[in-house]
Amino acid sequence: MGQQRIDLRIEGMTCDGCAAHVRQALEGVEGVRSVVVPGWQEGQATVVAESGLLDEALVEAVRAAGYSATVIGRVAVAEETEPVRPGEAEVDLLIIGSGSAAFAAGIRAAELGYSALMVERGTLGGTCVNVGCVPSKTLLRTAEAYHRAFHSPFVGVRPQGAELDWRAVIGEKDELVARLRREKYEQVLEAYPSLSLVQGHARLTADGGVEVNGRTYRPARILIATGAHPYIPPLPGVEGVDVLTSTEALSLPERPESLIVLGGRYVALELAQLFARFGTRVTLLQRSERILPDHEPEIADALADSLREEGVAIHTGATVIRLGRAGDEKVVEARVGGQVRTFRAAHILVAMGRRANTDGLGLEVAGVETDGRGCVWVDGALRTTNPRIYAAGDVTGPPMLVYLAAAEGKRAAENALLGRAEPLDRRVVPAVLFTDPQVATVGLTEAEALAQGFRVRTSLLPLSYVPRALVARDTRGLIKLVAERETGRLLGAHVLAAEGGEVIQTATMALRAGMTVQDLTDTLFPYLTQVEGLKLAALSFDRDVERLSCCAG
Ligand SMILES: Cc1cc2nc3c(=O)[nH]c(=O)nc-3n(C[C@H](O)[C@H](O)[C@H](O)COP(=O)(O)OP(=O)(O)OC[C@H]3O[C@@H](n4cnc5c(N)ncnc54)[C@H](O)[C@@H]3O)c2cc1C
């Protein structure tokens, strides 16, 4: 029996938890192979299922979950394709892009004995190394060092002052980016003789080829790994103002005196703190009622307090009315709490999300469909609607994380070349926001767990109970655990703490292993580590942490 892609319109979803709930309901239908629910706002779901599956089975499953569904389309999709015989085409795998997804795919292809050709229209290495993770995290660390010079919690070692050399700050960042691009991309390319690169814009052609610089390649399989770019929404007046995106903000030739940040998720918050710590006067305007609207509210609120204490002016529930200029300054007029207010700064940074790079890619002629957000649609095995074309990384939509992009690229290459349809296991995906304190999270929030029908218990441990935080004199933050009421199985862990990113991996392993709260309390954690907070948070489900001695005894 063949397979079909079935598109459904879903009504009644009001949050990300609803989207997860609908996905779970559809996954439970017999004959369903994979389900994608892009987000609750899109109001849609896409299922790959055996052709014989009736519309009613899907509609009924969604109805039973508390929503309503209508089937709006069915198309046949290819099942497992034939494995590629190495050398049967001029190139076995043509990869569009040279970022993290592309490199992981190219290396895997080479390991499996295939040839791969990457096509890159911009800078080798893509977003992460050039304009994403690497430059933002090294600048955050630099800003932290500068900030601590003045604000060390240990008064006795506080220096009298430190001069900021902006050119050196940017120079050191550029040097690290160049070094990592050389070591992790250029030299890796050289290390695999069957992996090569051509510079140019790639476009899919109707007859299965890929056109680059006027030449058409005829690969056996194609991988789209074209990433995403910063999204600038059509705000009134935006065309008359040079706004910054994260890309420009990370390379400003001078430290700005003042900055307005539009957005309230990870790029906005990291850059807001980064500049505030270098002495820029930062105002952050966020449309939702709180920053990080998809995170635990306790964590979002505590981070907002922490940033405000450092001088970042945060206005939530802010609707931008227009952007403009006044002399040398840039202006944002916004409605905040029922009042129209005017904010002025030297620069405006727009950090309101990222959009898939699909411009001029020829998706339509190649029969590659997109989802409701303009991202390339893939099933759980990274197959697009064209059986010879796969996609991986940011171009397939959120969460946009570099380690997920790499895992997808690797799996897509295996499936494409070996003729398999192995789905990628995405059940446990940790994520870290690199502010100080860091926000680190894995699994379900309390709201998501409830929306998925779990009965839950939660524990909330202020960091002031964690010995490591006490000796470091940095008790900003908290740990929240979410567990299934009946079994005690851990469903989610959410951390706001200095180096919280180092804590979350233990929780990630615990979730992956299906561990319970009891398992965590039975495990030995070394005393005076930040990760010990996980055990204390687990203990505090049933015990008063006030009454625990050292080493959680
Ligand atoms: C400021 C910032 C900070 C971030 N920090 C983190 C972090 O701390 N941790 C984390 O996990 N993630 C982080 N990310 C996200 C991470 O960088 C991305 O998830 C990851 O780099 C995506 O990799 P990719 O391979 O999918 O795409 P990319 O790395 O974007 O690569 C795609 C490449 O395709 C090329 N391309 C596009 N279209 C074509 C075409 N038609 N022809 C030829 N080439 C084309 C592009 O030029 C680009 O080089 C951050 C992102 C930003 C912007």
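Me: Which residues of H16 are buried?
Reply: Buried means under 20% relative accessible area, exposed over 50%, partly exposed in between (1.4 Å probe, protein chains only). In H16, the buried residues are Glu532, Gly533, Leu534, Lys535, Leu536, Ala537, Ala538 and Leu539. Helices (H or I, at least four residues) and strands (E, at least two) are DSSP runs, numbered from the N terminus. H16 spans residues 532-539, and 8 of its 8 residues are buried. This is a predicted model: local features need pLDDT of at least 70, side-chain atom pairs count only at pLDDT 80 or more, and totals for chains, interfaces and linings use all residues. Residues are numbered from 1 along each chain as its sequence is written, and side-chain values use heavy atoms, leaving out hydrogens and water.

Me: What do the buried residues of H16 pack against?
Reply: Contact means heavy atoms within 4.5 Å. The partners are strands S24 (456-462) and S25 (478-484), plus helices H13 (467-471), H14 (500-512) and H15 (517-522).

Me: How do I read a nonpolar core?
Reply: In soluble globular proteins, nonpolar side chains tend to be buried together. A core here is a set of buried Ala, Val, Leu, Ile, Met, Phe, Trp, Tyr and Cys residues joined through side-chain atoms within 4.5 Å. The largest has 59 residues. Leu93, Ile95, Leu204, Leu223 and Ile224 have the most contacts inside it. Beyond its neighbours within four places in sequence, Ile224 touches Leu204, Leu361 and Val395, among others. A second, separate core has 38 residues, including Val282 and Leu349.

Me: Which residues come nearest to the ligand?
Reply: A residue is near if one of its heavy atoms lies within 4 Å. There are 37 around the ligand, and Glu120, Thr127, Lys137, Asp394 and Val402 come nearest. H4 gives the most to this shell, with 4 residues.

Me: And its polar contacts?
Reply: Look for a pair of N or O atoms within 3.5 Å; within protein, one must be able to donate a hydrogen and the other to accept it, and residues adjacent in sequence count only if both atoms are side-chain atoms. A polar side-chain atom of Thr127 sits 2.5 Å from a ligand oxygen. The side chain of Asp394 has an N or O atom 2.9 Å from an oxygen of the ligand. For Ala202, a backbone N or O atom is 2.9 Å from a ligand nitrogen.

Me: Is Asn357 buried or exposed?
Reply: Asn357 is buried, at 13% relative accessible area. Its place is the loop between strand S20 (354-356) and helix H10 (363-366). The Asn357 side chain reaches the backbone oxygen of Thr226 at 2.7 Å.
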